[in-house]
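Colleague: I'm new to reading protein models. Could you walk me through this one, step by step?

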Amino acid sequence: MAELGTTLNGKHQSTLNPLGANGSAAATRLPSLLIATRHGESTANVEFQLAEATGALSVPISCRDADIPLSRRGRRQARALGRWWAELPGVDRPRSVWCSPYLRTAETARVAIARAAGLGAVPASLPVRYDERLRDRELGILEMLPRAAIEAKYPEEAARRRKMGELYYRPPGGESWADVALRVRSLLRDVCEEDAGRPVLLVAHDCTVLMLRYALDRLDEAELTALGPVHNCSTSLWRTRDGRLRPDGWNGVDHLTAEVA
């Protein structure tokens, strides 16, 4: 397996093993195209938007974060993603899907594949690889708490979060963005090794997609925090050129307008 520097920083050979078996430089192993999407709108997205607008201190969610499903609008977004997938040039249509095991991402992948398959673009039996490294950021004691509730219940944590910034702030029992970046880099090693030379789709979460961009585009903290939120069922693309995965579109949502009210 190529080391991380080979797959992400543009070097054309591994610094650990600079020569292949025949004495020539080892080839860079990268997908031809990497596509990342955030899951469709979830029922929790709807509840948290309402809580932010009203200043509510709680949301009516009792299940685990991993068990939150898509909303009706989220399923429409996933179908629109499937149509977008089907309309890609044949050479760019992913035949490999890596997905967070959370319910909302699994539903997004399933609905998108069904739509793309119905349009004759991919096999209906296309397998999905579920990988916990693509899961959402874990928020520990802050999980399922609206912003107003965090300020009221954990004012010291809220102040520490503002001081540290999202990249380095780790809530008790949870993860910082930097923690998520570590597992994303680990996942990229496997994606690059197993899907070298072909297009691949990653179905993940807001923070996970942000960390993909942070790693692949070599952003600094200021550039990362200046980014807006990752939209539900948006498309972000990186295409292999000159030995690197280079950005080819970020957070695109034009494909959603025709089908999602």
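Modeller: Sure, and let's begin with a term: a pocket is an open set of grid points where a 1.4 Å probe fits, with protein on both sides within 12 Å along at least five of seven lines. Keep in mind that this is a predicted model.

Colleague: Okay, how much space lies in the largest pocket?

Modeller: Its volume is the space filled by probe spheres set on the grid points. For the largest pocket, that comes to about 1,300 Å³.

Colleague: Which helix gives the largest share of the lining?

Modeller: The lining has 37 residues, and Phe48, Leu139, Arg147, Arg161 and Asp206 are the closest to the centre. Helices H2, H5, H6, H8 and H9 each supply at least two lining residues. The largest share is 5 residues, and the helix it comes from is H2.

Colleague: And how many of the lining residues are charged?

Modeller: Asp, Glu, Lys and Arg are the ones that count as charged. The lining splits into 16 nonpolar residues, 8 polar ones and, for the charged group, 13.

Colleague: Let's move to H7. What should its 18 residues span?

Modeller: H7 covers residues 177-194, and the rule is 1.5 Å a residue. The expected span uses one less than the number of residues. The end C-alpha atoms are 26 Å apart, which agrees with the expected 26 Å.

Colleague: Is Arg133 buried or exposed?

Modeller: Arg133 sits in the loop between strand S3 and H5. The cut-off for buried is under 20% relative accessible area. Arg133 has 13%, so it counts as buried.

Colleague: Which residue of H7 does the side chain of Arg133 make a polar contact with?

Modeller: One partner of Arg133 is Asp131, side chain to side chain at 2.8 Å. Among the buried residues of H7 there's another partner. That contact is also side chain to side chain, at 2.8 Å, and the residue is Asp190.

Colleague: How does Thr225 count, buried, partly exposed or exposed?

Modeller: Thr225 lies in helix H9, and its side chain reaches the backbone oxygen of Ala222 at 3.3 Å. Partly exposed covers the range between under 20% and over 50%. Thr225 has 42% relative accessibility, so it counts as partly exposed.

Colleague: Last one: which residue in the turn between S5 and S6 has a positive phi?

Modeller: These two strands run antiparallel and are joined by 4 bridges, and Thr240 stands opposite Leu245. They form a hairpin with 2 residues between them. The turn residue with a positive phi, about 55°, is Asp242.

How values were computed. Residues are numbered from 1 along each chain as its sequence is written. This is a predicted model: local features need pLDDT of at least 70, side-chain atom pairs count only at pLDDT 80 or more; totals for chains, interfaces and linings use all residues. Side-chain values use heavy atoms; hydrogens and water are left out. Buried means under 20% relative accessible area, exposed over 50%, partly exposed in between (1.4 Å probe, protein chains only). On a 1 Å grid over the protein atoms alone, a cavity is a set of points where a 1.4 Å probe fits but cannot get out, and a pocket is an open set with protein on both sides within 12 Å along at least five of seven lines; lining residues have an atom within 4 Å of a point. Two strands pair if DSSP finds at least two bridges between them. A polar contact is a pair of N or O atoms within 3.5 Å; within protein, one must be able to donate a hydrogen and the other to accept it, and residues adjacent in sequence count only if both atoms are side-chain atoms.
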